[in-house]
Amino acid sequence: MAPAVSASQAYAFADGSGGHACAFSAGAPSVNDFDVLFVNSDTTVATPSGFTAGPTAVTDQGAYVFRRKAVGGESDTVTVTTGGNFNAHVIWARIAGANAADVTGSAQVNGVAGTATPAFTSSALSETGEIAFAFAALHSFPASVPDTLTWAGSYTGITSGTQGTGSSGVAASVGYKVPAGTAAESPSCTWNNSANDRYVLFISLTSSAAATPSLPPRRWRRNPAGLLAR
């Protein structure tokens, strides 16, 4: 089947130095489900147990994408640990029908107020029928917190949110596109109220349907009785 977002949820907190538990509203994943975390913080963030990091963008803020493909026995909760009790915002998405991570990338602008993500174009995707995710990670707000985050083109927003205000505030929004590939992707997001640090992170996942091998062609032979047999 084609990849699809089956569930999502947002978490905002500032108490992550000892680990903040994020419980998935959909419960534990089924085998082969992907759980993907899009994390933005006023500090650095450790890779959660069982997850793989990438892409990441860490300069004036800590922005991360963490992913895990379920093999069975995974918990319905993940612990996100930050490098201090600083503002953090997490968006979780569960994806069914995906096979593996394909293309990742990011772009960033630091210390320049604006209301749009920086220009970004991915490399070409390896397959048609992929699902592509773009993550807008914002930090440091000169005035009001960003709102009305809107994805352009064929990207559909999952959810958005903020945590904190001023120079330590963070905001996050995730958009996705399916089907995507094999052309390169150029997602972009705009919003009201400027942010000084503006990052966009990108990841695509291939389809599990494309990974299913086809059956070999039948080969027939004629047996001594003259009947066709495999």
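Let's start at one residue: leaving aside residues up to four places away in sequence, S173 touches I91, A134, F135, A136, L149, W151, T159 and S160. One of these neighbours, S160, also makes a polar contact with S173, side chain to side chain, at 2.7 Å. S173 belongs to strand β13, which runs over residues 170–180. Is S173 buried or exposed? Its relative accessibility is 1%, so S173 counts as buried, the cut-off being under 20%.

Now for the chain as a whole, which is a predicted model. Its secondary structure comes to 1 helix and 17 strands. Along the principal axes, the C-alpha atoms fill a box of roughly 90 × 35 × 25 Å. The chain has 230 residues, and 46% of them count as buried. About 9,800 Å² of the chain is exposed, with carbon and sulfur atoms supplying 49% of that area. Among contacts between residues at least 6 apart in sequence, 80% join residues at least 24 apart. There are 11 positive and 13 negative charges, and their mean positions lie 25 Å apart.

How far does the predictor trust this picture? The average pLDDT is 93, and 91% of the residues score at least 70. Residues 212–218 are a stretch to read with that score in mind: pLDDT stays under 50 there, and the model has 1 contact for them beyond four places in sequence.

A few spots in the backbone are worth a visit. Most residues other than glycine have a negative phi, and most peptide bonds are trans. The table lists some departures from this pattern.

| Site | Backbone feature | Value | Place |
|---|---|---|---|
| G54 to P55 | cis peptide bond | omega near 0 degrees | P55 in strand β4 (residues 52–58) |
| G181 to T182 | cis peptide bond | omega near 5 degrees | T182 in the loop between β13 and β14 (189–195) |
| T148 | positive phi | about 55 degrees | strand β11 (residues 147–151) |
| N193 | positive phi | near 75 degrees | strand β14 |

How do T148 and N193 sit with respect to the surface? T148 has a relative accessibility of 52% and therefore counts as exposed, for which the cut-off is over 50%. N193, at 32% relative accessibility, counts as partly exposed.

The loop that holds T182 follows a strand you have already met: this loop lies between β13 and β14, and β13 is the strand where S173 is placed. N193, with its positive phi, is found in β14.

How values were computed: Residues are numbered from 1 along each chain as its sequence is written. Side-chain values use heavy atoms; hydrogens and water are left out. Helices (H or I, at least four residues) and strands (E, at least two) are DSSP runs, numbered from the N terminus. Buried means under 20% relative accessible area, exposed over 50%, partly exposed in between (1.4 Å probe, protein chains only). A polar contact is a pair of N or O atoms within 3.5 Å; within protein, one must be able to donate a hydrogen and the other to accept it, and residues adjacent in sequence count only if both atoms are side-chain atoms. Contact means heavy atoms within 4.5 Å. Accessible areas come from the Shrake-Rupley method with a 1.4 Å probe; for residues, only the protein chains shown count as cover. Lys and Arg count as positive and Asp and Glu as negative; His and the chain ends are not counted. The place of a charge is taken as NZ of Lys, CZ of Arg, CG of Asp or CD of Glu. pLDDT is the predictor's confidence in each residue, from 0 to 100.
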